[in-house]
Amino acid sequence: MMGESMFGIHENYDGVTKLSIAALCKELLEEYINKNPNDTNPPGEEYFREKIKSNDRSGLINKLNDNLGFDIEMMMEQSDQDKFDGLKLLKLLYYIEKDGLPKKDTFGSKVTSKLCITDILAKPRLENIHTDYSPKSEFGDVVDSMLSLIGQNIDDAGKRWGVIEKINITWKYATDSLFAYVFSDYATKFPESNLIQLKRIKRYLSEKIIMKCKTVKPRSFVSNEGVMKSFYNLLLCHEKLCNDIDRVNITDRLSVPDIPNKEFVSAFKETEKVRVDWKIIDVMTAYLKDHKENFQVEYVLKLVTCLNPLAQEDIKDCLFALKYVRTIARWIERDKNADFSDGISLDLFVIIMQELISVKREKETFNNDYFGNRYTKKPLLSAVKKPAEADAVARLAWIRKIENRTAMNFGCHELMDLAREIEKLIYKVKTIIFSYHSLVDMNVANDCICHFVVRAMVSAEAAFSVRENFERYIVEGLRKKGKNVRFVFPPTAINCNDMFREFLLDHSAIGDVVANEVIRQVDEVLNNEQIMSQSGAVTFESKYTTNYSSDYMFIFRINAKKRVIIFEEFVSVTSDEEHKRMRELGFDKFAVEELNNY
């Protein structure tokens, strides 16, 4: 039916078609009559009008606005093309939400039941999308089909996907940097130092970022990019947020293992560099059944039981765990891009064993609360027993549990707890950015916030080390020119430390470029005997990835008489147009001088 009438998703605007809700309702009625020729009492146009917009706010237009902040009526007023596109989109959603999905050969979807699509999109969950975690997905076909159909209606679908993917990758970089404070050799050796840094990051995000975002209201801005492009943006952002929201939900709902004692942590750390062949499963199974002496197996089992004597209950549970170790390992292998084909590290093997035993004993469940699911709680063990039927959120839950146990066993549980809290703050900010329906506004919002968050992940010690190298490089460079200088770093220049964080994040060795420009400017001033003091400035572009960069300016003063270089300021550089839009979007509080790390 769709695609053969005025407002079919594949139709083009002819410039003469009457554009109104009434025209759409008339078309829906005609299609109903054609599909139901034996219905002697068909609904009237008013029935369809209620489905599109109603006083009780159950209509599509109402739900788009209330559930998704998508004001399609305002967008449709921007042009006749947008009005036409809006009617096409409403018709598409009508057939999905009100009368079930069209036939498979028309829509390309295997799902045939009625769907409350706006409610589904209002609740991002892994079941809404296709993922690498599981071959099954409740609504993945639907969302994919909508992306495909709407993408065919715009001329830059690939570009939009690329921009949003770029934003997503940058935020992933932030979370990856965060967990380096938990999973690293330095973390296991000096957890107290990393704890201080994580507390700094949490305080910074809470007080400097989240607080300033309270005035930001993404849904109060109507996109001017057109109905189809704006809704396409919405769907792409929804895909990205599904993974994030379920990650946060899992963190809040999973059981946490008991904190191991220091003796176990010390013993466990000794296993970090040890690898075991997969034959260990058969060897351990045989040992647990016949109890023939095997010191290597006994050592592994001692770790599994946290150095406690092996009880009869442990034997039964260990035999159970050995049956499913490789299932969990395969999931981790895919998620972490690892290779366990020739064996696995002993520490990870033990951790998987411990978690399988713990879940079995506690009868732990996971909560898969995607929209419309009545059976939200399922046993976590069902996922490992039937991996082909496992929900994506169950597999993710197992991976998160393994991460949590890893931190526990290495004595880094406080680091993990704090990192998880910070992760929630990061996703909260990211959700704000992905709530804009205009790609331009989304980019402005991301540029306002993202580099502050990513920069905060760099420790004060690391920034200071880069600063020392920066100063040393410049002093040596000027000495070769016959000039002896020294640096002064006054308290008022504290945000210059963020420049050195930028140097660490940059992928283009921009620090050397800035240093060489400082050398050139200082040399020029010192060669002029008439200049007693002069300001200097270097503008530069810092690249976090090949796709994401920001512009900055480093300001300093040269005291020629005292031969001193004084740090003064480090600021971001934006055009007047960008700055104006930042203020319009509510980001006027994001002044650089108020956002330096401390």
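Good morning. I begin with N337, which is exposed, because its relative accessibility is 72% and the threshold for that class is over 50%. N337 lies in the loop between α16 and β2, the latter being residues 344-345. Its backbone deserves a remark: N337 has a positive phi of about 55°, although it is not a glycine. Most residues other than glycine have a negative phi.

I should say at once that this is a predicted model.

R57 is a further case of this kind. The phi of R57 is positive, at about 65°, and R57 is not a glycine either. R57 sits in the loop between α2 (45-52) and α3 (60-68). With a relative accessible area of 42%, R57 is partly exposed.

Let me now turn to the chain as a whole. The protein chain has 598 residues, of which 54% are buried. Its secondary structure comprises 25 helices and eight strands. Taken along the principal axes, the C-alpha atoms fill a box of roughly 95 × 85 × 35 Å. If we consider contacts between residues at least 6 apart in sequence, 73% of them join residues at least 24 apart.

One pair of residues gives a sense of distance within the model. K316 and F221 are 95 residues apart in sequence, and their C-alpha atoms are 60 Å apart in space. K316 belongs to helix α16, residues 312-335. At 60% relative accessibility, K316 counts as exposed.

I continue with three helices, beginning with α8, residues 140-151. How many of the 12 residues of α8 are buried? Nine of them are, so the helix is largely enclosed by the rest of the structure. The buried residues are G140, V142, V143, S145, M146, L147, L149, I150 and G151. The length of α8 can be checked as well: at 1.5 Å a residue, its 12 residues should span 16 Å, and the end C-alpha atoms are 16 Å apart, which agrees.

Helix α13, residues 262-269, has F264, V265, A267 and F268 buried. Seen down the axis of α13, these buried residues fall within an arc of 165°, so they line one face of the helix. On the other side of α13, K262 and E263 are exposed. The cover over the buried residues of α13 includes α15 (295-304), α17 (346-362) and α19 (392-409).

The third helix is α22, residues 460-479. Its 20 residues, at 1.5 Å each, should span 28 Å, and the end C-alpha atoms are indeed 28 Å apart, which agrees. In α22, the buried residues are A463, V466, R467, F470, E471, I474, V475, G477 and L478. Viewed down the axis of α22, they fall within an arc of 170°, so they line one face of the helix. Against which elements do the buried residues of α22 pack? They pack against β5 (486-488), α23 (497-505), α24 (510-526), β7 (549-559) and β8 (564-572).

Within α22, I would draw attention to R467. R467 counts as buried, because its relative accessibility is 15% and the limit for that class is under 20%. Leaving aside residues up to four places away in sequence, R467 touches F489, N497 and F500. R467 also lies over the face of F489, at 3.8 Å from the ring centre. A second arginine, R326, lies over the face of W278, at 4.3 Å from the ring centre.

That brings me to the aromatic residues. The model contains 26 aromatic pairs. One aromatic cluster is formed by F470, F487, F489, F500, F503, F540, Y552, F554, F556, F567 and F570. Two of its members have already been mentioned as contacts of R467, namely F489 and F500.

I close with the cysteines. How many disulfides does the model contain? The count comes to zero. C306 is in no disulfide, and the nearest cysteine sulfur, that of C318, is 11 Å away. A disulfide would require the two sulfur atoms to lie within 2.5 Å. C306 is partly exposed, with a relative accessible area of 25%. C496, by contrast, is buried, at a relative accessible area of 0%.

Thank you for your attention.

Definitions and conventions. Residues are numbered from 1 along each chain as its sequence is written. This is a predicted model: local features need pLDDT of at least 70, side-chain atom pairs count only at pLDDT 80 or more; totals for chains, interfaces and linings use all residues. Side-chain values use heavy atoms; hydrogens and water are left out. Helices (H or I, at least four residues) and strands (E, at least two) are DSSP runs, numbered from the N terminus. The expected span of a helix is 1.5 Å times one less than its number of residues. Buried means under 20% relative accessible area, exposed over 50%, partly exposed in between (1.4 Å probe, protein chains only). The arc is that of the directions from the helix axis to the C-beta atoms. Contact means heavy atoms within 4.5 Å. Rings of Phe, Tyr and Trp (its six-membered ring) pair if their centres lie within 6.5 Å; planes under 30 degrees apart count as stacked, over 60 as edge-to-face and the rest as tilted. A charge sits over a ring if NZ of Lys or CZ of Arg is within 6 Å of the ring centre and within 35 degrees of the ring normal.
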